[in-house]
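User: I'd like to go through this fold with you. Can we take the terms one at a time as they come up?

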Amino acid sequence: MDGLPTTTKAERRWRSKNLPTSKPSLVMAFFSCVAWLYVAGRLWQDAENRTLLANLLRRNIEQRPKVLTLEDKLMVFGCKDLERRIVEVEMDLTLAKSQGYLKHQLRQSESSSEQKLLAVIGVYTGFGSHLKRNTFRGSWMPRGDALKKLEERGVVIRFVIGRSANRGDSLDRNIDEENRKTKDFFILEDHEEAQEELPKKVKFFFSTAVQNWDAEFYVKVDDNIGIDLEGLIGLLEHRRGQDSAYIGCMKSGGVVSVEYVSCIS
């Protein structure tokens, strides 16, 4: 029986010494390790950059100023609570009348008689509206003796204006001089005439007008609105004696939609 082939230890040592060494393999292995380290470093750097950008974006979103909505803008200009303020004034007037307070506080106007007036019409104006006032006086609003005759019929019309922020300056002096000539102003001494103070002007006008005249109606008109005066008087005469009557438009936006036309009839 033939035995299995065997190799001696010396033969195995001789074979291992004669195995050729592959230098290109070593070079490839080295560059593979370098490439792996480069890719791993880039991935780690990209992850860090993404985290940094995400934090910056989140911080910018948190610091971004709030976009004002329509409701916010209405609150800024004081228009949102205008209806509430008017209602509060009407409630104060009703309470004062019920308690008889106004009977002791009323002061007679120049041409008012003992009979209750039909209406006090306040035309809101400003320091820079001299030309508008002259236009009113030459159109639907009487002046001079005609204004006094209208008051004898129970209708008082006055331009409503406050005082300048710098009391006694040229703005106030010009209004006082104009009032001495026309005698058709109702000056709110405790109100500062400014655009941002318009909501307060409503309350000052109604509360002060009630203390000066005892009338069935108190009317607010802007100085860019024309009025059919006789038509308005007829409407108010028809409503005379009606308790807690409110006539007007309480809404946002333009009342008249026809361009270049702004007239109440």
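User: What makes you say that helix α10 lies across β1, β2 and β4?

Analyst: Contact means heavy atoms within 4.5 Å, and helix α10 (residues 229-239) lies across those three strands, running at about 135° to β1. Angles run from 0 to 180 degrees between N-to-C directions, with axes fitted to C-alpha atoms, for helices over the stretch in contact. Helix α8 (residues 170-182) lies across β2 and β3, at about 155° to β3. Keep in mind that this is a predicted model: local features need pLDDT of at least 70, side-chain atom pairs count only at pLDDT 80 or more, and totals for chains, interfaces and linings use all residues. Residues are numbered from 1 along each chain as its sequence is written, and side-chain values use heavy atoms, with hydrogens and water left out.

User: How do you know that β1 and β2 pair?

Analyst: Two strands pair if DSSP finds at least two bridges between them. Six bridges join β1 (residues 117-124) to β2 (residues 155-163), so they pair. The two run parallel, and A119 stands opposite V155 in β2.

User: Why are β3 and β4 called edge strands?

Analyst: The open sheet has the order β3-β2-β1-β4, with parallel pairing. β3 (185-192) and β4 (215-222) each pair on one side only. The twist averages 30° from one strand to the next.

User: What counts as a helix or a strand here?

Analyst: They're DSSP runs: H or I of at least four residues for helices, E of at least two for strands, numbered from the N terminus. On that basis the protein chain has 10 helices and six strands.
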